[in-house]
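Good morning, and thank you for joining. I should like to take you through one structure, with attention to its charged pairs, its covered parts and its backbone.

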Amino acid sequence: MAKQEALDDGHSQPKRILALSGGGVRGIVEVAFLESVEASYKRQFGASTSLNDVFHLVGGTSTGAIIATAVSLGLPLSTVRNFYLERAAQFFRKRRWFSRVMHRAAFDADALEREIVNVIGDVTLGDPAFKTYLAIIAKRIDTGSAWILSNVPDAPYFKDPEDNTYHGNHGYSVARLLAASAAAPTYFDQRLIQIAPGQVGTFVDGGLSPHSDPSLALLQIARLKAFGLEWPANADDLFILSLGTGRYRARIAAENAARLRPIPLAYHAMRGMVTDAELQTLTMMQWLGTSKAPVLVNSEIGSLEHDHLGPEPAFSFLRLDLPLEHEDLASLGIDVPKDQLEHYQRFDDPDIIEPIYELAQRYVETVLDLDQLLSEG
């Protein structure tokens with residue numbers, strides 16, 4: 001794997017981590033953010049700077065994993081943008097008979113995997129084409145475990161063991177891993193991956209693990225001894241940028257919730273669990289680190305702006321997300337009809353991709369001063 005050069009005349013620079021959340025077609029929101037982030041870093045470090053020059057570890061869950069992989073490979077963001085704007089309809093095309101029988105998933109996972117190969121090529125996790133460390137989050141459903149698959153060479157299970165009892169992560173097809181990470185139940189069929197001679201694992205969307213927002217998972221890779229990186233833990237030497245695909249609270253009227261039958265009740269409960277996990281990750285990241293733009297967690301604990309677990313924050317942290325509730329946007333001077341925003345909350349409708357991309361661009365231009373938020377020191 002290619003190693004990065006310092007951007008500042010050979011002086012030490014902080015280690016930077018990019019964490020990209022899941023969210024289906026709303027991944028285009030992260031693309032809009034990244035375009036502005038890259039433009040800011042170009043102003044800071046020079047016109048030839050790209051995201052893979054700046055970030056040392058990138059990772060994601062589901063749609064975020066697809067974008068993270070493209071960043072790690074050094075693909076232009078225009079290519080990633082076009083993947084959503086032009087190709088998403090190819091794999092988010094509902095099977096005609098889905099609504100009648102529901103015996104299979106709504107969308108074609110094989111088509112998704114083919115489109116991913118068209119964008120990133122037929123690479124494996126150990127391919128030297130990657131320009132940064134990369135992590136992909138998936139949920140192995142047959143063992144009930146979250147898998148954080150990375151190309152960190154000293155990580156457990158990366159290499160083939162001498163006794164050949166399992167296949168090292170370095171040889172896994174990245175397109176298959178990404179399709180697995182995005183395989184939300186009922187939307188895409190689960191993906192099978194051979195993990196050992198005669199043994200196949202069954203994988204679904206990484207958003208069904210605690211890591212829909214993978215910030216904590218990537219922090220583990222950077223700091224835990226098991227992975228071999230052990231990057232320094234202080235606000236000057238470690239920076240984590242976390243991007244979301246749209247922030248809102250999924251609500252249902254109390255009288256309707258009381259009448260829900262088991263399957264829709266399970267759906268709403270699972271949907272809420274993903275939001276809970278993201279909120280818990282945000283809580284921990286803002287408690288452990290420090291942020292120039294702390295996000296309100298809830299009315300009980302606030303933003304934790306002046307509350308840290310240790311005597312000093314362990315890293316600098318920035319969470320950027322697009323509000324998708326009318327009151328939140330209106331308070332920022334962006335007026336979008338409530339019913340339109342509710343449509344934007346869907347993650348399986350390709351019709352929202354272009355308008356929500358434009359909304360994310362408007363949000364960045366109107367609300368965020370990325371030059372200030374991404375400046376160091």
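I shall begin with the salt bridges, then turn to a helix, a surface patch and some backbone angles.

Please keep in mind throughout that this is a predicted model. As general background, side chains of opposite charge can pair when their charged atoms come close. In this model, the count comes to 13 salt bridges. I shall discuss some of them in detail.

Consider the pair formed by Arg-191 and Asp-110, whose side chains meet at 3.0 Å, N to O. Arg-191 belongs to strand 5, residues 191–196, whereas Asp-110 belongs to helix 6, so this salt bridge ties together parts that are 81 residues apart in sequence. What is the relative accessible area of Arg-191? The value is 8%, and Arg-191 is therefore buried, the cut-off for that class being under 20%. Its partner Asp-110, at 40% relative accessibility, counts as partly exposed.

Helix 6 contributes to a further pair. The side chain of Arg-176 forms a salt bridge with that of Glu-113, at 2.9 Å from N to O. Here Arg-176 sits in helix 7, residues 174–181, and Glu-113 in helix 6, so the connection is between parts 63 residues apart in sequence. Arg-176 is partly exposed, with 24% relative accessibility, and Glu-113 is buried, with 14%.

How are these residues related to one another? Asp-110, Glu-113, Arg-176 and Arg-191 are linked in a network of salt bridges. On the general geometry of such an element, an α-helix has 3.6 residues a turn, so residues three or four places apart point the same way.

Another salt bridge to mention joins Arg-87 and Glu-115, with an N to O distance of 3.7 Å. This pair also links distant parts of the chain: Arg-87 is in helix 4, residues 77–91, and Glu-115 is in helix 6, residues 109–120, with their positions 28 residues apart in the numbering. Arg-87 is partly exposed at 31% relative accessible area, while Glu-115, at 13%, counts as buried.

I now turn to helix 3. How many of the residues of helix 3 are buried? The helix spans residues 63–73, and 11 of its 11 residues are buried, so the element is mostly covered. Among them are Thr-63, Gly-64, Ile-66, Ile-67, Val-71 and Leu-73. Just after this helix, Gly-74 takes a positive phi of about 80°.

At the surface, Tyr-267, Met-270 and Met-273 make a nonpolar patch of about 250 Å². Tyr-267 is located in helix 10, which runs over residues 262–288. With a relative accessibility of 32%, Tyr-267 counts as partly exposed.

Finally, the backbone. Most residues other than glycine have a negative phi. Which residues depart from this? One of them is Asn-164, which is not a glycine and yet has a positive phi of about 55°. Asn-164 is found in the loop between strand 4, residues 145–150, and helix 7. Leu-304 is also a residue other than glycine with a positive phi, its value being near 60°. Leu-304 lies in the loop between helix 10 and strand 8, residues 316–320, and is buried, with a relative accessible area of 9%.

To close, I would return to the network that links Asp-110, Glu-113, Arg-176 and Arg-191 through salt bridges. Thank you for your attention.

Terms used: Residues numbered from 1 in each chain as written. Predicted model: local features only at pLDDT ≥ 70, side-chain atom pairs only at ≥ 80, totals over all residues. Heavy atoms only, no water. Salt bridge = Lys/Arg side-chain N within 4 Å of Asp/Glu carboxyl O. Helix = DSSP H or I, 4+ residues; strand = E, 2+ residues; numbered from the N terminus. Buried < 20%, exposed > 50% of the residue type's maximum accessible area, 1.4 Å probe, protein only. Patch = residues over 30% accessible without salt bridge, like charges linked within 9 Å, V, L, I, M, F, W, Y side chains within 5 Å. Areas by Shrake-Rupley, 256 points an atom, 1.4 Å probe, with all protein chains shown as cover.
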